[in-house]
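Reader: Before we turn to the details, could you take me through this model step by step, giving the reasoning behind each value?

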Amino acid sequence: MNTVKPTQPVRHLVQVHYHGMTPGDPRYPQVLDVLATITARVQALPPDAAVADLTGAERYFERGPEGLAQLIRLRTLAWTGVATTIGAGSSRMLASMAAAVTEPGGITVVPDSDEAIVAFLHPRPVAALTGVGPATARTLTQYGLQTIGDIAHTPLATLQRLLGAAAGRQLYERAHAHDPRTVTPHALPKTTTVSHAFDRDELDADTQHRAVLSVTHQLGARLRDDQAVTRTLTLTVRYADRSSTSRSRTLPEATAHTPTLTRTALALFESLGLQRARVRTITLTGELGDCASAVRQLTLDPDDNKAYRVEAAADRARQRFGQDAVLPAALARFGDRR
């Protein structure tokens, strides 16, 4: 197995999951500030996680990755009251996967040696590999590739025939523990979030689809009320086992136009490839921008201009008669929206 070259310095990264966080939780910036007391290289992963590069912090604190993870857990709990689950490894992928298999409140560290990395990666199912969604996992298992070890022992050309050139190469590299992604510190973007929590774990695909329409309709109305726009949408689906999957997409131009938001949100939902998934919550988050800075691409399509006029009329009706005064037909009698 080819891992990081010995001539390269070994990085140590941690991925921290914060318990009880919800989209827009005011404690989230606080826990990021705590993590920044350990290392300056912190990247937010909203709504409830962060990844940090500990390179350099180990010498300052005279602790290895496990010792620093313990320090992060202790400081976060003492200063904010938030419990954590932490995974550590020599790449973002390993840190993320280590966190995913850790019991709540625990710490898992993947050692740097080739043998330890192989022992951690190879027995795990293909769906556990970073970047493998449900649709890709089904394709791989149909061809007898059940574990990450199976992928690692499959020729690159074969994977590229199955998945395409770029996706096949990325999968091959990650199965061999190669993940060049770095931690990119940046300011936490301002966001607005709408969620729909089902009364029970929802299996019906049509009901899930309508929930996506519901949160998109609410998000568009909120953006226009606040005179804001969004350029990036993130859809998060939380399942009955408390795990979750998120997908993000950047729009061609910043907008608050509900039909555009709806097309994007539905595409994100379809990309998850859910089949008989027990869904508990669907959340849609938009990164905020100033409406005055938005540029709308002009078209000669009269239907496009009509859609904007109808939307403006619906907004006026909502402001006068309440949020549910005008709803898409698909959302009639949908139930309480959160």
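Author: The expected span of a helix is 1.5 Å times one less than its number of residues, and this rule can be tried on the model, which is a predicted one.

Reader: What distance separates the end C-alpha atoms of α11, and what span should its 14 residues have?

Author: With 14 residues at 1.5 Å a residue, α11 should span 20 Å. The expected span agrees with the model, because the end C-alpha atoms of α11 are 20 Å apart.

Reader: Which residue just after α11 takes a positive phi?

Author: The helix α11 covers residues 258–271, and its buried residues include L261, L268 and F269. Just after α11, a positive phi of about 60° is taken by G273.

Reader: Which residues have the most contacts inside the largest nonpolar core?

Author: The largest nonpolar core has 26 residues, and β6, α10, β7, α11 and β9 each supply at least two of them. A second, separate core of 23 residues includes V16, M21, V31 and A88. Inside the largest core, the residues with the most contacts are V237, F269, V279, I282 and L284.

Reader: How are α6 and α8 oriented to each other: parallel, antiparallel, perpendicular or oblique?

Author: The axes of α6 (residues 134–142) and α8 (residues 156–163) come within 11 Å and cross at roughly 125°, and the crossing is right-handed. Their contact is made by T136, T139 and L140 of α6 together with L159, L162 and L163 of α8. Since angles over 145 degrees count as roughly antiparallel and 65 to 115 as roughly perpendicular, α6 and α8 are therefore oblique.

Definitions and conventions. Residues numbered from 1 in each chain as written. Predicted model: local features only at pLDDT ≥ 70, side-chain atom pairs only at ≥ 80, totals over all residues. Heavy atoms only, no water. Core = buried A, V, L, I, M, F, W, Y, C linked by side-chain atoms within 4.5 Å. Buried < 20%, exposed > 50% of the residue type's maximum accessible area, 1.4 Å probe, protein only. Helix = DSSP H or I, 4+ residues; strand = E, 2+ residues; numbered from the N terminus. Axes fitted to C-alpha atoms, helices over the stretch in contact; angles between N-to-C directions. Parallel < 35°, antiparallel > 145°, perpendicular 65-115°, else oblique. Left-handed = near helix turned anticlockwise from the far one by under 90°. Contact = heavy atoms within 4.5 Å.
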